[in-house]
Amino acid sequence: RELRISPQDSYMIGDKLSDLQVGKNAKLKGRLLVRTENGIETEKAMPTGLSLYVGDYLLSCARWVLSH
């Protein structure tokens, strides 16, 4: 609340299932997975629909957010 961040206008970008789950639990606008070494393994185990986008790099995820 101090930062005046609106969850419904925010995204979570992470490489672990727990990152994406935090975004889901916080009811963020979206969750994105970045394919780090850990993210590649996460992608294999990720439930359908948990991530709006999967990017190879953090920059590609950031660009996706800016374009949506």
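Two residues are taken to be in contact when heavy atoms of the two lie within 4.5 Å. On this basis, and leaving aside neighbours within four places in sequence, Trp64 is in contact with Tyr11, Leu32, Leu52 and Tyr53 in the predicted model. Trp64 also belongs to the largest nonpolar core, and two of its contact partners, Tyr11 and Tyr53, lie in strand 1 (11-14) and strand 3 (53-55), respectively.

The sheet to which these strands belong is open and consists of three strands in the order 1-2-3, with parallel pairing. Strand 1 and strand 3 form the edges, each pairing on one side only. From one strand to the next, the twist averages 20°. Four bridges join strand 1 to strand 2 (residues 30-34) in the parallel sense, and within this pairing Tyr11 of strand 1 is found opposite Gly30 of strand 2. Helix 1, comprising residues 17-25, packs on the sheet and touches both strand 1 and strand 2. The direction of helix 1 makes about 170° with that of strand 2.

The largest nonpolar core comprises five residues, namely Leu32, Val34, Cys61, Trp64 and Val65. Strand 2 and helix 3 (58-67) are the elements that give two or more residues to this core. Helix 3 supplies the largest share, three residues. Leu32, a member of the core, is also among the contact partners of Trp64 listed above.

Technical notes
Residues numbered from 1 in each chain as written. Predicted model: local features only at pLDDT ≥ 70, side-chain atom pairs only at ≥ 80, totals over all residues. Heavy atoms only, no water. Pairing = 2+ DSSP bridges. Axes fitted to C-alpha atoms, helices over the stretch in contact; angles between N-to-C directions. Core = buried A, V, L, I, M, F, W, Y, C linked by side-chain atoms within 4.5 Å. Buried < 20%, exposed > 50% of the residue type's maximum accessible area, 1.4 Å probe, protein only.
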